[in-house]
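I set out to record, entry by entry, what I looked up in this structure. The entries follow the order in which I opened each topic.

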Number of protein chains: 2
Amino acid sequence: MQQRSGCPINAAVELLGDRWSMLVLRDVIFGDRRYFRALLAGSVEGIASNILADRLVRLVEAGILTRGTAARGQRALYSLTESGIQTLPILYALGDWGLDWRPGDDALRSRQQFMRDAGPAFLDELMDELRVRHLGAPPKPRHGPGAFERLEAAYAAERERTAGESVTGTPAGR
Amino acid sequence: MQQRSGCPINAAVELLGDRWSMLVLRDVIFGDRRYFRALLAGSVEGIASNILADRLVRLVEAGILTRGTAARGQRALYSLTESGIQTLPILYALGDWGLDWRPGDDALRSRQQFMRDAGPAFLDELMDELRVRHLGAPPKPRHGPGAFERLEAAYAAERERTAGESVTGTPAGR
DNA sequence: CGGTAGCGGTTGCGTTCCGCAACCACTATA
DNA sequence: TATAGTGGTTGCGGAACGCAACCGCTACCG
């Protein structure tokens, strides 16, 4: 891909400015989906397989992901590189804006709300854990549940809450 | 536009996830280009007039920009709304990533570098000034040059420096 | 040895979007 | 009346997207 300008914002947009790349990274980072089939089946937005295949190739070529060496018919593990891990602030900024200015599902919004409440240091904590997961970095000693663990707990709790609402809210529901 | 999911990240991507929207906002915010012709002629990446027209309509419809009431043949002033002003952290995150992981022009990179060095409070300062420019908010009392002023000064200095380099650096240049 | 499920994709095809250039109606100025 | 400037619009070819079906390969189980 040829660069249209030397502006760093443009450089990022040329690579990530489409309807799917950031969502794939979101699912890798937050959903821990690291196999083709997992990304395909787990996609909330319903990505098509050819689009997913294309994006994975591009992200690998751009050095954002690496693909584990896997022969045909075998599972290929995708991992984040350091530059991939550092796309997290972009994802956060997008989600933070979307939380304020666009409508959305309460359960899915709770994750973003949790991150906002947790403050900016939480992002660093998440990135540290990604380095452990994806780069084989030694895990940092911690007391209590990890950052992703807390995030998922908040999401699960919210899902539970809204699910309960929808059940009790429609008594003879159909 | 119909939403593909209730995820706040997806909500932002659906609106801003294309090759031009963020660049238009960048030029409005950092370049203070608020007229169609200024955005068209000043575009470093060379946006086409039909694409620009389309994006302006979409951004206005999304409530990110407002269009001043102007008859045909008269200048229409585009202004940021509060939600438009708050896309600045997204622009910053994109540029910050691009600065680290993508090649680019030194002069254009200096602006992003300056913002990084200035720290996160600088973003708030910029957003305050945008509220003055675009929303008619009362200017905050300040000592010394404003945030945009400092930013442009850094950019101009770097442009001067690299221009000097290219002259003195290639003595009998060809 | 044969059938089946799972793996990462690929292919075809129609629709939408992007990129380029020319062109438009209108206003303000002289 | 002529000219420059305003915000666009139109036409067209190529690229990207979205959908569904299909593919070759491996691993497992009987």
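**Entry 1: An aspartate in a loop**

I began with A:D32, which counts as partly exposed because it has 14 C-beta neighbours inside 10 Å. The model I am reading is predicted. I placed A:D32 in the loop between α2 (21-29) and α3 of chain A. I then looked up its backbone angle and found phi near 50 degrees, a positive value in a residue other than glycine. I noted this since most residues other than glycine have a negative phi.

I turned next to chain B. B:D32 lies in the loop between α2 (21-29) and α3 (36-42) of that chain. Phi of B:D32 is also positive, near 50 degrees. With 14 other C-beta atoms within 10 Å, B:D32 is partly exposed; a residue would need 20 or more to be called buried.

**Entry 2: Chain A in outline**

I looked up the secondary structure of chain A and recorded nine helices and two strands. Read from the N terminus, the order of the elements is α-α-α-α-β-β-α-α-α-α-α. Along the principal axes, the C-alpha atoms of chain A fill a box of roughly 55 × 40 × 40 Å. Chain A has 174 residues, of which 34% are buried. I also checked contacts within chain A between residues at least 6 apart in sequence, and 46% of these join residues at least 24 apart.

**Entry 3: DNA strand C**

Which residues are closest to DNA strand C? I found that 22 residues surround the strand, and that the closest are A:Y35, A:F36, A:R37, A:N50 and B:G73. Two or more residues of this surface come from each of α3 (36-42) and α4 (49-61) of chain A and α4 (49-61) of chain B. The element that gives the most is α4(A), with four residues. I sorted the surface near DNA strand C by class and entered nine nonpolar, eight polar and five charged residues.

**Entry 4: DNA strand D**

I repeated the search for DNA strand D. This strand is surrounded by 22 residues, the closest being A:G73, B:Y35, B:F36, B:R37 and B:N50. At least two residues each are supplied by α4 of chain A and by α3 and α4 of chain B. Here α4(B) gives the most, with four residues. By class, I recorded nine nonpolar, eight polar and five charged residues for the surface near DNA strand D.

**Entry 5: Where the two chains touch**

I then examined the contact between the chains, which takes 39 residues from chain A and 39 residues from chain B. On the side of chain A that touches chain B, the elements giving two or more residues are α1 (8-16), α2, α6 (88-101) and α7 (106-118) of chain A. The largest share of that side, 12 residues, comes from α6(A). I divided the residues of that side into 18 nonpolar, 11 polar and 10 charged.

**Entry 6: The nonpolar core and a helix crossing**

I asked which residues have the most contacts inside the largest nonpolar core. They are A:L91, A:L94, B:L91 and B:L94, in a core of 70 residues. I followed A:L91 further. Leaving aside residues up to four places away in sequence, A:L91 touches A:M22, A:L25, A:R26, A:I29 and B:I9.

This led me to α2(A) and α6(A), whose axes come within 11 Å and cross at roughly 110 degrees. The two helices are therefore roughly perpendicular. I listed the residues that make the contact: A:M22, A:L25, A:R26 and A:I29 of α2(A), with A:L88, A:L91 and A:L94 of α6(A). This contact divides into six nonpolar, no polar and one charged residue.

**Entry 7: A valine in chain B**

Last, I looked up B:V132, which is found in helix α8 (residues 121-135) of chain B. B:V132 is partly exposed because 13 other C-beta atoms lie within 10 Å, whereas exposed residues have 12 or fewer. Not counting residues up to four places away in sequence, B:V132 touches B:A137 and B:P139. I also took the separation of the C-alpha atoms of B:V132 and B:R19, which are 113 residues apart along the chain, and entered 29 Å.

Conventions
Residues numbered from 1 in each chain as written. Chains lettered and ligands numbered in written order. Predicted model: local features only at pLDDT ≥ 70, side-chain atom pairs only at ≥ 80, totals over all residues. Near = placed C-beta within 6 Å. Nonpolar A, V, L, I, M, F, W, Y, C, P; charged D, E, K, R; others polar. Core = buried A, V, L, I, M, F, W, Y, C linked by C-beta atoms within 7 Å. Contact = placed C-beta atoms within 7 Å. Axes fitted to C-alpha atoms, helices over the stretch in contact; angles between N-to-C directions. Parallel < 35°, antiparallel > 145°, perpendicular 65-115°, else oblique.
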